[in-house]
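Here are some short exercises to work through with the model open beside you. Try each one yourself before you read the solution.

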Amino acid sequence: MNRLNGSTEAPLLEVTDLRTTFETRHGLLTAVDGVSLRLDRGTTYGIVGESGSGKTVLARSILRLITARSAETTGSIKLQGRELVDLSPRQLRDVWGVQAAMVFQDPMTSLNATMRIGAQITEGLRHHLDLGRTEAEKTMLALLKSVGIPEPERRARAYPHQLSGGMRQRVTIAIALACGPRLLVADEPTTALDVTVQRQILELLARQGRERAMGMILITHDLGVVAGRTDVIAVMYAGRVVERAPTRVLFRQHRHPYTRGLMQSIPRLAQPSHTRLQAIPGRPPDLTALPAGCPFAPRCARATDRCREEQPALTEIEPGHELACFNPLEAA
Amino acid sequence: MAGSGTAALRERDDIVLSVEHLVVEFPLGRHATVQAVSDVSFDVAAGETLGLVGESGCGKSTTARAIVQAPRPTSGEVRFQGRDLSRLDAEGLRQTRPALQMIFQDPISSLNPRRRIGDIVAEGLSIWGRMDGAIERVDTVLRDVGIDPESARGRRPHEFSGGQCQRICIARALVLDPTLLICDEPVSALDVSVQAQILNLLEDLKASHELTMVFIAHDLAVVKNVSDRVAVMYLGKLCEVGPTDALYAAPAHPYTAALLDAVPEPDPDAGDAGPALEGDLPSPLAPPSGCRFRTRCPRAQDRCAAEEPVLRPVGDDPDHVVACHFPLVPVETAS
């Protein structure tokens with residue numbers, strides 16, 4: 001939580017006014033609309049939002065993984081002081097895997113189905129780190145072991161379809177970690193997994209983040225996933241950050257009506273059965289036809305005429321706590 | 001776990017659905033079969049919601065499909081309103097369909113993209129020749145699920161969001177006035193804000209349409225919210241069945257407890273309850289002997305490998321049953 005102490009150390013990642021747009025049949029779609037964030041070494045940043053909130057496009061934009069011809073990314077992405085927005089695809093190859101890596105939601109589609117998993121890990125080691133065959137092999141087995149794969153020698157010869165979903169996600173994490181990235185972006189890493197396996201994977205990510213002092217971005221729709229495992233959380237809606245605060249502050253003293261709506265709409269184990277849920281009316285907005293003012297205004301009980309006309313900017317209301325709302329909830 | 005036995009069946013006059021010794025096998029290659037559901041028995045009383053919960057591969061969806069006989073189970077009885085569906089011929093089964101409806105996980109692919117909403121919802125009525133007042137009936141159920149019939153009737157599924165499509169699927173299921181509604185992961189494809197709307201809607205409809213429900217989901221908090229009783233499954237067997245609040249407050253089966261511990265609470269101070277469950281689900285092709293959960297169970301002993309536990313009542317509540325040799329709360333020992 002260095003950012004709260006006003007650390008002067010250069011951040012691991014500094015994103016400024018990032019904007020990603022797509023040219024579509026229905027007009028220009030702004031998936032990420034001016035997002036700035038700063039991530040220090042050894043900290044975990046949670047990004048929470050529903051489908052269409054822009055969280056996945058944001059993650060991919062940060063790593064410059066959006067390659068569609070129709071897409072355009074502007075703003076600044078500084079990773080360890082190096083500007084990524086201007087890099088060519090060839091230059092990016094030295095960033096991917098080595099400085100920054102990503103773990104995706106579906107381990108089946110992010111692994112190569114026709115390649116043994118051992119070879120998928122050694123590939124990066126040999127290419128990026130110039131390791132010899134034996135050395136790469138040794139590192140690969142150590143990696144498989146460190147991500148909790150039993151009998152690594154035997155599993156290294158397996159194909160992805162021979163492993164369970166949880167094991168496959170462990171393999172993709174091993175691949176992501178192989179070249180010692182400083183930044184790990186995990187996009188819904190446990191959404192496709194069962195709860196008991198989800199917990200194993202989240203613990204694995206947290207341990208690896210700690211041991212390697214990586215900066216991590218954890219993207220999810222599930223507030224439970226980020227609650228105990230992040231330092232800061234940004235809540236996204238319609239491509240923008242609407243509230244951002246240190247994790248405990250966000251859960252205890254959130255001020256944005258959307259953040260509260262999200263918190264209240266999830267059923268909780270602590271509530272008795274048949275507890276009436278406080279649903280948010282309406283549905284997430286169509287990004288090609290956003291309303292003029294605050295994008296949440298059509299679903300917001302506190303919206304006024306000003307909300308429908310003018311877009312609130314993200315402003316700091318307390319040190320480390322930022323909010324984009326004209327009519328925030330009372331401070332708790 | 002492993003629970004076989006019929007201790008989860010109750011002696012009541014208002015049982016709508018009763019599943020006894022249900023077994024579902026699927027052929028695998030030429031000579032092998034896999035047993036997806038192994039000797040499962042439970043019942044659902046009128047107006048009750050039974051939650052069926054478990055991880056992928058536990059057989060919860062297969063159980064749901066076996067109830068509606070699609071496909072027919074390998075063996076066992078499915079008694080619905082007093083009749084054994086597994087013995088009915090095709091026409092007899094067809095006659096029960098209006099009373100027995102189902103909604104699925106992916107609402108968009110459950111709707112024919114080329115047809116208009118009005119026709120989709122009215123189809124059941126036209127099949128059963130109940131076209132008198134059909135338009136009014138369709139409008140009523142659409143209104144019941146929170147869709148404006150005027151604007152929706154002539155439109156097609158792609159013009160609606162996932163949450164709205166699920167509402168339309170529910171309207172289609174309700175149009176024939178069913179007794180039993182089976183919901184297979186009805187909210188897991190939806191965003192949390194929309195999920196809450198659908199869960200509230202199902203609760204309202206259950207009351208207004210006097211529905212009995214079987215609600216299948218992998219999300220324990222969702223299941224708790226809507227269910228009166230919950231059945232926990234693991235590798236094709238029942239572990240524990242009981243009244244929702246009692247089962248969540250004091251789980252008797254170590255697997256139920258592990259599942260509950262694994263749910264990430266949206267509370268930064270909650271921390272992690274208990275140790276994480278180790279290992280993966282064993283292969284359903286060669287399930288462990290005795291209790292199927294024993295390979296991952298922190299309490300497992302030799303007896304668990306030798307002998308399959310049978311469902312038996314927990315404490316003095318005959319409605320709460322567990323299949324475990326070493327349960328977490330005292331069970332009736334006289335058996």
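Two residues are in contact if their C-beta atoms, placed from the backbone, lie within 7 Å. Keep in mind that this is a predicted model.

**Exercise 1.** Work out how many residues each chain brings to the contact between chain A and chain B, and which helix of chain B gives the largest share.

*Solution.* Start with the count: chain B puts in 39 residues, and chain A puts in 41 residues. Next, look for the helices on chain B's side: α7, α8 (220-226), α9 (244-249) and α10 (254-262) of chain B each supply at least two residues. The largest share comes from α7(B), with eight residues. Finally, sort chain B's side by character, and you get 20 nonpolar, 11 polar and eight charged residues.

**Exercise 2.** Decide how α6(B) and α7(B) run relative to each other, and find the residues that make their contact.

*Solution.* First find the two helices in chain B: α6 covers residues 162-174 and α7 covers residues 192-208. Their axes come within 10 Å and cross at roughly 15°. Angles under 35 degrees count as roughly parallel, so α6(B) and α7(B) are roughly parallel to each other. Now the handedness: α6(B) passes α7(B) in a right-handed crossing. From α6(B), the contact uses G163(B), Q166(B), R167(B), I170(B) and L174(B). From α7(B) come V194(B), Q197(B), I198(B), L201(B) and L205(B). Sorted by type, that's six nonpolar, three polar and one charged.

**Exercise 3.** Find the confidence values for chain B and for the complex.

*Solution.* Take chain B to begin with: its mean pLDDT is 92, and 98% of its residues reach 70 or more. Then move to the complex, where the predictor gives an ipTM of 0.86 and a pTM of 0.89.

How values were computed
Residues are numbered from 1 along each chain as its sequence is written. Chains are lettered from A and ligands numbered from 1 in the order in which they are written. This is a predicted model: local features need pLDDT of at least 70, side-chain atom pairs count only at pLDDT 80 or more; totals for chains, interfaces and linings use all residues. Axes are lines fitted to C-alpha atoms, for helices over the stretch in contact, and angles run from 0 to 180 degrees between N-to-C directions. Helices (H or I, at least four residues) and strands (E, at least two) are DSSP runs, numbered from the N terminus. Angles under 35 degrees count as roughly parallel, over 145 as roughly antiparallel, 65 to 115 as roughly perpendicular and the rest as oblique. A crossing is left-handed if the near helix is turned anticlockwise from the far one by less than a right angle, and right-handed if clockwise. Ala, Val, Leu, Ile, Met, Phe, Trp, Tyr, Cys and Pro count as nonpolar, Asp, Glu, Lys and Arg as charged, and the others, Gly among them, as polar. pLDDT is the predictor's confidence in each residue, from 0 to 100.
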